[in-house]
Amino acid sequence: MARVQWASRIGFVLAAAGSAVGLGNIWKFPYIAGVNGGGAFVLIYLVSIALIGFPIMIAELLLGRGTQSSPVMAFSKMAGEESNWKAVGWIGVATGFIILSYYSVVAGWSLNYVLMSICDFTNDKSPEQINSLFDTLSASGGINIFWHSIFMLITIGIVIGGVRKGIEKWSKILMPVLFVILVVLVVRSIFMPGFMQGIEFVFAPDLSALTAAGVLEAVGHAFFTLSLGMGAMLTYGSYLSKKEDLVKASVVVCSLDTLIALMACLIIFPIVFSFGFAPNAGPGLAFKTIPVVFSQIIGGSLLSILFFLLLAFAALTSAISLLEVVTAHFIDSLGWTRKKAALITGSLIFMFGIPSALSGSKWIFSEWEDLFTKNFFDTMDYLATNWMLPLGGLLMAIYVGWFAKKATIRAEFTQGSKYGSLFGAWLFVLRFIVPITMVVVLLYKVGILQVGPES
Ligand code: PHE
């Protein structure tokens, strides 16, 4: 049976951009840029996207379209049924499972903040009180589980709808809405007194603010933000027609993702500076600092509703792709129906997310932190984004660069592409630049190479 394909090119682009644009862009990128001093970090991040993310994105889409399969099957088709490369596919499925389990908890916070904003939660509250609401929320296990379950149900519902009627249809609705909200918020920021200071913070690199840990974080974040290293792009690529231009598609998706991350900074930093807040507030930047600021602006509760809706929509289109990787794996390898696969895997992911939802409350898993130095939530995030994604991405680059049949790769690269002549350059980057950089990054992480503290 022929594999289902995206109904339109724009549908695919919006779905892939939807996967890439997520909490990573709007919640995480501004705060890690803030913590790492702004401009110089942003510069390293841009270089990582261009030099590492972009070539790996082409490789993933190519593996998916070439094999018409989800990650594990893709490797067994390309490398052989008995090949160990299948493990790369398995790492991908496991990573999707782990990321979605805690991603959904953060997405749940956004849903919670949408409702809180509708209820005008900052009314008559001091900045300290508004700040402490986030701590109250993260310590409220029951509320976290509630929103986590709502978010997972929506995600499962959309994935059950299928590639065209679920993923593509919803990406076509949510992504334009997301973009409109972003533009409205950026325009609002332009009129803030701190706008120029915000621009300077994001775009004027101060190299002295950069640390080795910051560089590592920028490279790691390139994988997370582009949904690379775990087969999300591979799986979306498997629904692509042979007529599509993979190089062009990758340029578009990488550019949209970067544009939106920068727009998120242009929303957040001008507001932060206008009110004299610190840009390095860390993970609480979106959930603590931003609501305080909105509470002091006319029309702030409307802006607040919009901002958290933006976060929730961005998270949803990414969560769909995470669940799709796991679901597609069980459809392809065990022949399950889509409904069965999405329901069973989605429920398991929901359950695995419960300890993350409870991580802020001290009454369960309290010894976890003593043993692993991080709570359950942070441990999962650390494992997935610092290790599993970069490792998965590195192995994919090595496979495509060195082990796959060059003729097959060349044929798939040039198929439908106007940029076939770039094949040699791309292969060079994939063979040398990506592995060398990634190995250095991973060696720093295990502490074999050392400068500065680990983040
Ligand atoms: N790219 C998404 C984000 O930036 C997260 C994600 C990672 C989605 C890996 C799918 C796969 O939020």
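## Exercises on a predicted model

L394 has its place in helix α17 (residues 376-403); helices (H or I, at least four residues) are DSSP runs, numbered from the N terminus. This is a predicted model, in which local features need pLDDT of at least 70 and side-chain atom pairs count only at pLDDT 80 or more, while totals for chains, interfaces and linings use all residues. Residues are numbered from 1 along each chain as its sequence is written, and side-chain values use heavy atoms, with hydrogens and water left out.

**Exercise 1.** Determine whether L394 is buried or exposed, and list what L394 touches.

Solution. Step one is the class: buried means under 20% relative accessible area, exposed over 50%, partly exposed in between (1.4 Å probe, protein chains only). L394 has 7% relative accessibility and therefore counts as buried. Step two is the contacts, where contact means heavy atoms within 4.5 Å. Leaving aside residues up to four places away in sequence, L394 touches P435, M438, V439 and L442. Step three is a distance: from L394 to A218 there are 176 residues in sequence and 16 Å in space, C-alpha to C-alpha.

**Exercise 2.** Describe the surroundings of the ligand and its polar contacts.

Solution. Start with the shell. A residue is near a molecule if one of its heavy atoms lies within 4 Å of it. There are 14 residues around the ligand, and A20, G24, Y103, F224 and S227 come nearest. At least two residues of the shell come from each of α1 (9-20), α2 (23-35), α10 (212-225) and α14 (300-334).

Next, take the polar contacts (pairs of N or O atoms within 3.5 Å). A polar backbone atom of A20 is 3.0 Å from a nitrogen atom of the ligand. For N25, a polar side-chain atom lies 3.3 Å from an oxygen atom of the ligand. For Y103, the distance from a polar side-chain atom to an oxygen atom of the ligand is 2.5 Å. The ligand taken alone exposes 320 Å², and the protein buries 100% of that; the areas come from the Shrake-Rupley method with a 1.4 Å probe.

**Exercise 3.** Find which residues of α13 are buried and what covers them.

Solution. Helix α13 spans residues 284-294, and 10 of its 11 residues are buried. These are G284, L285, A286, F287, T289, I290, P291, V292, V293 and F294. Their cover includes α2, α5 (86-118), α6 (127-138), α12 and α14.

**Exercise 4.** Compare the setting of K28 with that of S238.

Solution. Take K28 to begin with: K28 lies in helix α2. Its relative accessible area is 10%, so K28 is buried. Beyond residues up to four places away in sequence, K28 touches L23, H221, D381 and T385. Now take S238, which lies in the loop between α11 (232-237) and α12 (246-274). S238 has a relative accessible area of 0% and is therefore buried. With residues up to four places away in sequence not counted, S238 touches R3, G64, R65, Q68 and S69.

**Exercise 5.** Locate D120 and T373, which have a positive phi, and classify their exposure.

Solution. D120 is not a glycine, yet its phi is positive at about 55°. D120 is found in the loop between α5 and α6. Its relative accessibility is 32%, so D120 counts as partly exposed. T373, also not a glycine, has a positive phi of about 65°. The loop between α16 (366-372) and α17 holds T373. At 63% relative accessibility, T373 counts as exposed.

Definitions and conventions: A polar contact is a pair of N or O atoms within 3.5 Å; within protein, one must be able to donate a hydrogen and the other to accept it, and residues adjacent in sequence count only if both atoms are side-chain atoms.
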